[in-house]
Structure formats: C-alpha cells, structure tokens
Amino acid sequence: MSRLASGVVLVTAQEPPLDPDDPHAPAGEDVGMTATAFLSVSLDPPLVMVSVREGSRMDDLLDEQPLWAVSVLSESQRHIAGRFAMKGRISDRLLFEDLPRTRGEASGAPLIGGALATLECRTEQRVPAGDHTLVIGRVLTATTTTQSADEGPLAYFRGRYRQLG
C-alpha cells in the first residue's frame, strides 16, 4: 500500500470538560492526529471517512465525542503532519501551542490556519476493521482558504511526505 499516494490531513477534536455538570471545570484538551486514510464517501448526504488505529487516543475520543474536524494540509505544512504523527509525542496542548488556528463553530475543534480546506463533522457510524476503526462523519461545514490557493496538497507516498509536481 506504500505505492498508493494519498493526501494528508490533520483530524482534530476537543475532549469534553472533565466535569460537564460544573461550569467552572477546566475545558477538555484539544487532540490532533495526522491521517493519510481519509476520503470522501458520499456527496448526498455529504459524508467523509477517516481510519483511526483501534484503541488510540483519537479512537477513544471519537467514540465519546461525536464532533470533530479535518484540516487538509498544504505542501508547506509538512512540519504539522510530522508533529502530530510522532510516536511517544509530548502533550497535544504543546503541539497546538504555536499553530495558527481557529475554533470550529459547529464542532469546537481546532481548524488549522493555512490549510487548503477545513471540514467539521459529526460521527454517523463507526465500523471496526481489523486493527482500525473507520469513522464515517457527516460534513457540517466545509471551507476552502484563499491564502493557499496557489499551493498544492501535502501527499504521502512510499513512507514519506511529498509535494506534487
């Protein structure tokens, strides 16, 4: 499968507050994961799918939090993809710390500034598939950015991030 080129996205979600009944409880942490197994499933209704490793932090979070977001990374955002793909990485709070981002109105999840496109989703279905979970989400919002209109997508091929062309 390393011979199949794919796009690179950052999947994000916000953990629920530690105590949802206490308005003064700290908000949950933002969580992010680099994914290369992401695709459009349907236009009507608008559905997308991401594959997450079973038992991973993102799998556990998306099992409890139905709202999440996707930022389609541009070729100049390779460092973001690498940062959120590290094994044994530091806390997600530190990974997000210096990144330009906004918070999605529909999902509350971080949307990465400069991404080619951003989507906010609500989980429709979770499908166990081997050592992964396929998370199918209904697209609630979708935007493209004009600042990266001339930039190409970040691609993943033969185990490395690549640029098209």
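Trainee: What makes strand 1 and strand 11 (residues 154-157) a pair, and in which sense do they run?

Mentor: Strand 1 and strand 11 are joined by 2 bridges in the antiparallel sense. Two strands count as paired if DSSP finds at least two bridges between them, so the requirement is met. The strands themselves, like the helices, are DSSP runs numbered from the N terminus (helices: H or I, at least four residues; strands: E, at least two). One bridge links G7 to A155 of strand 11.

This is a predicted model, in which local features need pLDDT of at least 70 and side-chain atom pairs count only at pLDDT 80 or more, whereas totals for chains, interfaces and linings use all residues. Residues are numbered from 1 along each chain as its sequence is written, and side-chain values use heavy atoms, with hydrogens and water left out.

Trainee: Which strands form the open sheet, and in what order?

Mentor: The open sheet has 3 strands in the order 1-11-12, with antiparallel pairing. Strand 1 (6-7) and strand 12 (160-163) are its edge strands, since each pairs on one side only. Helix 2 (residues 78-85) packs on this sheet and touches strand 11 and strand 12; the directions of helix 2 and strand 12 make about 165 degrees. That angle is taken between N-to-C directions on a scale from 0 to 180 degrees, with axes fitted to C-alpha atoms, for helices over the stretch in contact.

Trainee: Why is S51 called buried or exposed?

Mentor: The relative accessible area of S51 is 16%. Buried means under 20%, exposed over 50% and partly exposed in between (1.4 Å probe, protein chains only); S51 is therefore buried. S51 belongs to strand 5, where 6 of the 8 residues are buried. Beyond its neighbours within four places in sequence, S51 is in contact (heavy atoms within 4.5 Å) with M33, A37, H132, T133 and L134.

Trainee: Why is D131 called buried or exposed?

Mentor: D131 has a relative accessible area of 53%, and it is therefore exposed. D131 sits in the loop between strand 9 and strand 10. Its C-alpha is 9.9 Å from that of S51, although the two are 80 residues apart in sequence. Not counting residues up to four places away, D131 touches R53 and E54.

Trainee: How many bridges join strand 5 to strand 10?

Mentor: There are 7 bridges between strand 5 and strand 10, which run antiparallel, and V52 stands opposite T133 in strand 10. Strand 4 (residues 38-43) is also antiparallel to strand 5, through 5 bridges. A hairpin of 2 residues connects strand 4 to strand 5, and L39 faces M49 in strand 5.

Trainee: How do you know that the buried residues of helix 1 line one face?

Mentor: The buried residues of helix 1 (residues 57-64) are M58, D59, L61 and L62. Viewed down the helix axis, they fall within an arc of 165 degrees, so they line one face. The arc is that of the directions from the helix axis to the C-beta atoms. On the other side of helix 1, D63 and E64 are exposed.

Trainee: Which residues have the most contacts inside the largest nonpolar core?

Mentor: They are V11, M33, V50, M58 and W68, in a core of 18 residues. A nonpolar core is a set of buried Ala, Val, Leu, Ile, Met, Phe, Trp, Tyr and Cys residues joined through side-chain atoms within 4.5 Å. Helix 1 and strand 5 are among the elements that each supply at least two residues of this core. Another core, apart from it, has 12 residues, including F96 and L154.
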